[in-house]
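Trainee: Before we begin, I should like to examine this model with you by question and answer. May we take the helices, strands and cavities in turn?

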Amino acid sequence: MLGRRDPQQSLFSAQNLPHCVPADSFYGRMGSVSADLFRDDDLKALFCADNGRPSLPPSLMSGVLLLQFHDDVSDAEAVERCKYDIRWKVALNLPLDFPGFDPSSLSNFRTRLTEHHQERYAFDRLIQVGRAAGFIPDRVTLLTDTTWARGAGAVQDTYTLLRKGIRKLLKQLGYAVPGKRHGLADGVRRLIATYLDADRKADIDWADPAARAAQLQTLVADADAALEWALAQSDDPEVRATGWLLTKILGDDVVQDAQGSAEIGQGTAPDRIISVTDPEMRHGRKSAAHRFNGFKVAVSTELDSELILDIDDVPAAGSDGEHLLPTIARVEAHADVIVERVIGDGAYGSGKNRAACAHYPGHPVDLLAPVKRPADPAVPKSAFQIDLAAQTATCPQGQMVTGTAATLHGKPVLQFHFARATCQACPLFARCVRSQTAGRSVTADAYEAYRQAAQQRQETAEFQALYALRSRVERKQAELVRHGLRDTRYCGRAKRRFQRVWTAAAVNLKRLFKLAETRGADLKAAFSRPHDPQPNWRPVPA
């Protein structure tokens, strides 16, 4: 049953007694709006209306969670600070003799929020306050970028991945319960004893290549046997999902040599699984020199207020730009705004993204992102005048050719081939042509017109001035990192999203206090306005 905070303040309330917490600190300012920051009735749907023991007030638990992610502390430490830290008592408007609660209550409250699809509650609540205070306009410019975060799962080698994958599959079949082991074949009993009851690394000389090779043969054979048995015994979706996981590990890491024996493949397979603990973790790179294991976190802020309007995990591998359109859709759905411009780095400036933004449903989105320039001094493709309507291309020296239709990576393109003899007579030949037998070739796809327009715009002063503003989102990412964004606490997408949005909510609350101070806004009035705990929510792309 829903528990509520008593509006009657205790005589021993920290705010009513002398204390040394500055009124202009984050904790002092949070305490000044604590009565309206979160409300119990916002989350009443999470609790039984007329039965059971009253819960801890959800407004209090929400405040504790916000401070927990602001200070980047564990559940146990958060409870300790509620009991003994005067800053937290002021921020939460707690009495000095507050007895605390069991740390598991925080875990239960997070689970309840996630199960009822309210993990964005604090984040969306503060976006509403920013809108009500006039900090976020109806039409916004988004600054978007990604940063990296370590995953919570253990990074495992091929031997451990196979061993843990077999173990997980046997557990999904229910064989961790002794009563379900009756009547099993000897081979299955051996798998259970080896991988479920023992769960230890093989006792071999791991420095011996022959011993490692023999162990790999054993693991692959046992994985095949476990898969065959599992698929024959169960149609349960979770069993099938674990079977797919084990099959992918085999496909990613193991190949057969000329004699048909299993061996570890060379190189890294695309989208390779690196952890059975958290199968969504991947190897990733933010630069040629910087490798990480985990996820990328996409952060989008509003240009003027610098409030975070969207934050979400994206796969560590792949281009950041693949996730631009879902980001725009989430911002418009949750913040009830129109995204009229997006400023991002070159990863967002693909021709596909430019075309999709130009024809975005309901209104166009101005995508401002640089076009990659060639690193060498060769004559670039941008130096050619390509007329898609006439299907012609003119080189910098005025030579024109007609294009021919072709297919590249399954997509229709136009290819323009200049004769070798013509190119050899050109003064730009050495810088322009790389082929030893043919002349210069240029390929154009359906997005060529968007790239050409972007290249022309990139040379303007307007582009340079706007693109310089992108650094603001990098500054916001650095602030999120200081509050623990870099270290993922949980496994599973829903729990990871919870950490991201609550960390962002803490950062947004800090920003709201700063905006109210610099702009002279009445933040208490914005907090006290009626609000909807699920504002304008509608389905958005995953």
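**Packing, pairing and cavities**

Mentor: Let us start with one helix of this predicted model. The buried residues of H7 pack against H2, H3, strand S6 (308-315), helix H12 (324-335), helix H19 (493-519) and helix H20 (523-528).

Trainee: How many of the twelve residues of H7 are buried?

Mentor: The buried set runs through Tyr121, Ala122, Phe123, Asp124, Arg125, Leu126, Ile127, Gln128, Val129 and Gly130. Because of this share, H7 is largely enclosed by the rest of the structure. Of its twelve residues, the number buried is ten.

Trainee: What distance separates the end C-alpha atoms of helix H7?

Mentor: Helix H7 covers residues 121-132, and at 1.5 Å a residue these twelve residues should span 16 Å. The separation in the model agrees with that expectation, because the end C-alpha atoms are apart by 16 Å.

Trainee: Which residue with a positive phi follows H7?

Mentor: The phi of this residue is near 85°. The residue that follows H7 with this positive value is glycine 134.

Trainee: Is strand S1 largely enclosed by the rest of the structure or largely open, and how many of its residues are buried?

Mentor: S1 comprises twelve residues, 139-150. It is largely enclosed by the rest of the structure, because the number of its residues that are buried is ten.

Trainee: Which strand pairs with S1 in the antiparallel sense?

Mentor: Two partners are to be considered. Strand S7 (residues 338-343) runs parallel to S1 and is joined to S1 by five bridges. The antiparallel pairing extends over nine bridges, and in it threonine 146 has alanine 298 as its bridge partner. The antiparallel partner is therefore strand S5 (residues 291-302).

Trainee: Which residue of S7 stands opposite leucine 143?

Mentor: Leucine 143 lies in strand S1. S1 is joined to S7 by bridges in the parallel sense. The residue of S7 opposite leucine 143 is isoleucine 343.

Trainee: Is leucine 143 buried or exposed?

Mentor: Leaving aside neighbours within four places in sequence, leucine 143 is in contact with Val299, Ser300, Thr301, Leu303, Ile343, Leu469, Arg470, Arg472 and Val473. Its relative accessibility is 0%, and the cut-off for burial is under 20%. Leucine 143 therefore counts as buried.

Trainee: What separates the C-alpha atoms of leucine 143 and arginine 529?

Mentor: Along the chain, leucine 143 and arginine 529 are 386 residues apart. In space, their C-alpha atoms are separated by 28 Å.

Trainee: Which helix gives the most to the lining of the largest cavity?

Mentor: The count comes to two cavities of 30 Å³ or more, and the largest has a volume of about 60 Å³. Its lining has six nonpolar, three polar and one charged residues. Helix H2 (34-37), helix H3 (58-71) and helix H5 (86-92) each supply at least two of the lining residues. With three residues, the helix that gives the most is H3.

Trainee: Which helix supplies the largest share of the lining of the second largest cavity?

Mentor: The second largest cavity has a volume of about 50 Å³, and its lining divides into four nonpolar, two polar and three charged residues. Among the lining residues are Asp157, Arg163, Lys201 and Trp206. Helix H8 (158-172) and helix H10 (209-233) each supply at least two lining residues. The largest share, three residues, comes from H8.

Definitions and conventions:
Residues numbered from 1 in each chain as written. Predicted model: local features only at pLDDT ≥ 70, side-chain atom pairs only at ≥ 80, totals over all residues. Heavy atoms only, no water. Buried < 20%, exposed > 50% of the residue type's maximum accessible area, 1.4 Å probe, protein only. Helix = DSSP H or I, 4+ residues; strand = E, 2+ residues; numbered from the N terminus. Pairing = 2+ DSSP bridges. 1 Å grid on protein atoms, 1.4 Å probe; cavity = no way out; pocket = protein on both sides within 12 Å on 5 of 7 lines; lining within 4 Å. Points joined across faces, edges and corners; volume = space filled by probe spheres on them. Nonpolar A, V, L, I, M, F, W, Y, C, P; charged D, E, K, R; others polar. Expected span 1.5 Å × (residues − 1). Contact = heavy atoms within 4.5 Å.
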